[in-house]
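Let's take a walk through this protein together, one piece at a time. Keep the 3D view open and turn it as you read.

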Amino acid sequence: MTKDWKTRTKLVHEGSRRSQYGEMAEAIFLTQGFAYPTAESAESRFVQAGEDEFIYARYGNPTTRMFEDRIAALEGCEDAFATASGMAAVNGALTSMLRAGDHVVSSRALFGSCLYILEEVLTRYGVNVTFVDGADLDQWRAAITPATKAVFFESMSNPTLQLVDIKSVAEIAHANGALVVVDNVFATPIFSRAVEQGADVIVYSTTKHVDGQGRALGGVICGTKNFVRKVAEPYLKHTGAAMSPFTAWIMLNGMATLDLRCRAMAESALKIAQALEQNPAVSKVIYPGLASHPQHALAMAQMGSGGTLVAFEIKGGKEAAFKFCNALDIIKISNNLGDAKTIATHPATTTHQRLPQPQKDALGITGGLIRLSVGLEDPGDLIAELTAALA
């Protein structure tokens, strides 16, 4: 890891491996297996593969390893394991470390699939899960005990953009011997400082922001070499969650422009949030970069940015929200985020549709709530379209 390189240099060069041909672009090693020069070298590699030795694409691949090294360097971690999707990363990070009888404390405000892992999958196998209000440190203190094995939370929740104080929760967890697992998708690897704030394991859906152009699913688990290679990897390689080499190549290419894209998207998001605050059709704007956000100070200290997503509530509930969505043109209706294209999502009927109404109410997922993932279009064009659609 070349720690003295600045972020943009790491994003272009970190982890690069070249074949004997000296190619400039990262090569795609589209192979599921690898040949050994001798039977003895095959035996040796199965006992302990070296840093640049590979056995089978489900275990590792040169293209995938380039991506893992690059994102680990960016995140400030020792190592990383790339997975087929973001949910494979969440499931792999948690399931690989937990056993029947273990206790996990999690924030309640989570993406629907993350909730499914905690409420359905882990409990099915005897893991005890306690949910708390992620913004309330007293609830974390009350729930975390010396029996707690791990805590899990989204550093910024989907879709209502509530922050969890990583540093404070990590201090409480570590005092009780628990690992801190952070889903950092909304923070992005660019604005993340989760490692220095106390996170032990960071998971991303690299579908968002890292690819950032709507091309491929992917995920990654970042952490210490001991956790990644001795805890997560054995589970992941035997259960088949590996990222494909072609996807890894897409992610590598996405990383070259990641810093530029995230910063441009966040700048536009702030302008859009400020414009929405002035719109009479909007009853509430949620953006951590605004002084009106109750956790604005925490967002600036933790990320130094408000991020690339804006949530807002339209007066008139679901009917008005649907009319708004149907009036959009540049902005697309979809359930992805972190894309070059701006995306509007109605969480109550899509990403969080399966939640019971009382749970939606508790999380603030109303019929009028829109989640806007801000893309790379001109912010003036986006503001004009939002204004017209709200009218």
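In helix α11, the buried residues are P245, T247, A248, I250, M251, L252, G254 and M255. Keep in mind that you are looking at a predicted model. That list covers eight of the eleven residues of α11, which runs from 245 to 255, so the helix is largely enclosed by the rest of the structure. What does the covering of the buried residues of α11 include? Look for α1 (7-13), α3, α9 (207-211) and α12.

Now step back along the chain to helix α10, residues 225-239. With its 15 residues, α10 spans 20 Å from the first C-alpha to the last, close to the 21 Å expected at 1.5 Å a residue. Still, α10 has a kink: about 50 degrees at E233, shortly before the proline P234. Which residues of α10 are buried? They are F227, V228, R229, A232, E233, L236 and K237. A bit of helix geometry helps when you read such a list: an α-helix has 3.6 residues a turn, so residues three or four places apart point the same way. The buried residues of α10 pack against two kinds of partners, helices and strands: α3 (62-75) and α4 (86-97) on the one hand, and β1 (79-83), β5 (179-183), β6 (201-205) and β7 (219-223) on the other. Right after α10 comes G240, with a positive phi near 85 degrees.

Several of those strands belong to a sheet, so let's go there next. It is an open sheet of seven strands with mixed pairing, and the order is β1-β7-β6-β5-β4-β2-β3. At its edges sit β1 and β3 (128-132), each of which pairs on one side only. On average, neighbouring strands in this sheet are turned by 20 degrees against each other, if you ignore direction. Zoom in on β2 (residues 103-107) and β3: these two run parallel and are joined by five bridges. One residue to pick out is H103, whose bridge partner in β3 is N128.

Helices lie on this sheet too. Helix α3 packs on it and touches β1, β6 and β7, with its direction at about 130 degrees to that of β1. Helix α5 (residues 112-124) also packs on the sheet, where it touches β2, β3, β4 (148-154) and β5, and its direction makes about 150 degrees with that of β3.

Time for another sheet. This open one has five strands in the order β8-β9-β12-β11-β10, again with mixed pairing. The edge strands here are β8 (282-286) and β10 (332-333), each pairing on one side only. Helix α14 (residues 317-326) packs on this sheet and touches β9, β10 and β12; its direction makes about 125 degrees with that of β9.

Is strand β12 enclosed or open to the outside? Five of the five residues of β12 (369-373) are buried, so the strand is largely enclosed by the rest of the structure. Both of its faces are covered, with L369, R371 and S373 buried on one side and I370 and L372 on the other. Strand β9 (residues 309-314) pairs with β12 in the antiparallel sense over five bridges, and in that pairing A311 has R371 as its bridge partner. Strand β11 (residues 343-345) also runs antiparallel to β12, joined to it by three bridges. Among its residues, A344 has L372 as bridge partner, while T345 is partnered with R371.

What about the nonpolar inside? The largest nonpolar core has 83 residues, and F67, W140, V310, F312 and F324 touch the most other members. Helix α12 (residues 258-277) gives the largest share of this core, seven residues. Apart from this core lies another, of 34 residues, including F81, A109, I117 and V201. Back at F312, and leaving aside neighbours within four places in sequence, its contacts include L276, V282, F324, I370 and L390.

One last stop: G289, in the loop between β8 and α13 (296-302). Is G289 buried or exposed? Its relative accessibility is 17%, so G289 counts as buried, since the cut-off for buried is under 20%. Beyond the neighbours within four places in sequence, G289 is in contact with L270, H296, M300 and G306. G289 and K271 are 18 residues apart in sequence, and their C-alpha atoms are 9.9 Å apart in space.

Technical notes. Residues numbered from 1 in each chain as written. Predicted model: local features only at pLDDT ≥ 70, side-chain atom pairs only at ≥ 80, totals over all residues. Heavy atoms only, no water. Helix = DSSP H or I, 4+ residues; strand = E, 2+ residues; numbered from the N terminus. Expected span 1.5 Å × (residues − 1). Bend = angle between axes of the 7 residues up to and from the residue. Buried < 20%, exposed > 50% of the residue type's maximum accessible area, 1.4 Å probe, protein only. Contact = heavy atoms within 4.5 Å. Pairing = 2+ DSSP bridges. Axes fitted to C-alpha atoms, helices over the stretch in contact; angles between N-to-C directions. Core = buried A, V, L, I, M, F, W, Y, C linked by side-chain atoms within 4.5 Å.
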